[in-house]
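Here are a few short exercises to work through with the structure open beside you. Try each task before you read its solution.

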Amino acid sequence: MTTSSSQQDQNKERTPQPHDTTTTADQHHADFDLSFLPIRKIFTLIFIHDVQHNQLLLGQKQRGPLLGQWNGFGGKVEKGLESIAESAARELEEEAFLTAPLFPIGFIQWVVESAPSTTSSEPTYRDIMIVYKAHSLQPTTTAINPSSESVQHQHLHVSPEHKRNDDSNTQRMTQFPASDEMAPAWWDVDHLPWKDMRINHKVWYPFMLADRPYRGVYWYETRTSVEPGAENAQRETVKEIWVEDLRRRCFQFGDRSLSKSHGEGEGEDGRRLEMYARQLGLEGTCYLSESSTGGDVIETELIRSEPKVNQDLDGAWLRDAIAQVEKDWVATHFP
């Protein structure tokens with residue numbers, strides 16, 4: 001990725017290079033310490049996961065440059081007006097007419113640099129996305145209005161191991177009213193509509209589905225045009241395309257599920273993670289919990305781009321990280 005000479009010097013100091021001599025312990029955190037970059041915006045992304053039916057609730061975008069695309073629900077946090085958690089609850093209610101017992105599961109940073117060919121004067125910055133999840137939902141008054149013909153219910157028995165403090169009489173919605181932003185629908189986990197989704201999100205879906213806390217960093221360059229069919233490009237606005245530098249992508253995930261009831265130990269957690277990776281077509285040792293301790297790993301650019309286990313990542317780490325970026329963001333005055 002190309003930047004100004006001063007930005008390149010700064011990033012070289014802060015970001016490990018492919019042949020960096022940083023120790024393995026330091027490497028766990030060095031790739032993810034982007035506190036030297038200003039935070040432009042914070043976003044939320046929300047998923048409802050029905051474990052019993054192996055389905056994920058997604059919304060289809062109803063307007064804007066991403067019209068027709070499927071994703072979780074969410075949007076921009078209103079700076080100074082709400083917390084990140086409050087924003088997630090608001091977005092779910094506004095876009096899907098739903099409430100849910102949300103818990104944080106993922107912490108994503110993306111670094112955006114302007115290509116030399118563009119006229120943008122924005123400095124290199126980072127946006128942050130906090131991913132939330134729930135295993136059950138409740139419709140709001142709008143969603144259960146008797147005049148709405150698009151809503152149907154069937155009784156869902158929620159077994160104790162999947163309750164997460166939910167009411168055992170939870171009603172499962174099978175059809176949903178569309179908002180002006182999103183049209184919700186259930187999708188089988190092994191048949192998600194990836195041709196109409198953000199394909200670069202796929203790398204962390206097994207962690208999200210298995211309730212494994214995770215964090216990741218994407219590096220982008222903004223352009224006004226790009227060669228057709230580029231898998232590392234995605235349109236953000238009508239005039240702007242983000243092109244990812246795949247070599248600098250990095251992901252880590254925790255070694256234990258955040259849902260204690262989902263397994264009796266790490267072995268069961270590992271099998272769940274492997275199952276979801278297999279359903280998504282992402283088989284590989286980087287998705288197995290045992291991979292963190294088995295054998296010597298040769299550091300290459302390819303291996304560095306694969307997810308790795310980090311035992312420090314847990315629910316407490318997520319809560320602390322969210323609190324810290326909220327504090328940093330309030331103090332940030334982005335141009």
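**Exercise 1: Partners of strand 1**

In strand 2, His49 has Leu56 as its bridge partner. Before going on, note that this is a predicted model, where local features need pLDDT of at least 70, side-chain atom pairs count only at pLDDT 80 or more, and totals for chains, interfaces and linings use all residues. Residues are numbered from 1 along each chain as its sequence is written, and side-chain values use heavy atoms, with hydrogens and water left out.

Task: Find which strands pair with strand 1, and in which sense.

Solution: Strands are DSSP runs (E, at least two residues), numbered from the N terminus, and two of them pair if DSSP finds at least two bridges between them.
- Step one: strand 1 meets strand 2 (residues 55-61) in the antiparallel sense, over three bridges.
- Step two: the two form a hairpin with four residues between them, and Asn54 in the turn has a positive phi of about 55°.
- Step three: strand 6 (residues 125-134) runs parallel to strand 1, joined by eight bridges; there, Ala134 is the bridge partner of Ile48.

**Exercise 2: Covered or open**

Task: Decide whether Lys202 is buried or exposed.

Solution: Buried means under 20% relative accessible area, exposed over 50%, and partly exposed in between (1.4 Å probe, protein chains only).
- Step one: locate Lys202 in the loop between strand 10 (182-188) and helix 4 (205-209).
- Step two: its relative accessibility is 19%, so Lys202 counts as buried.
- Step three: compare strand 1 (residues 39-50), where 11 of the 12 residues are buried.
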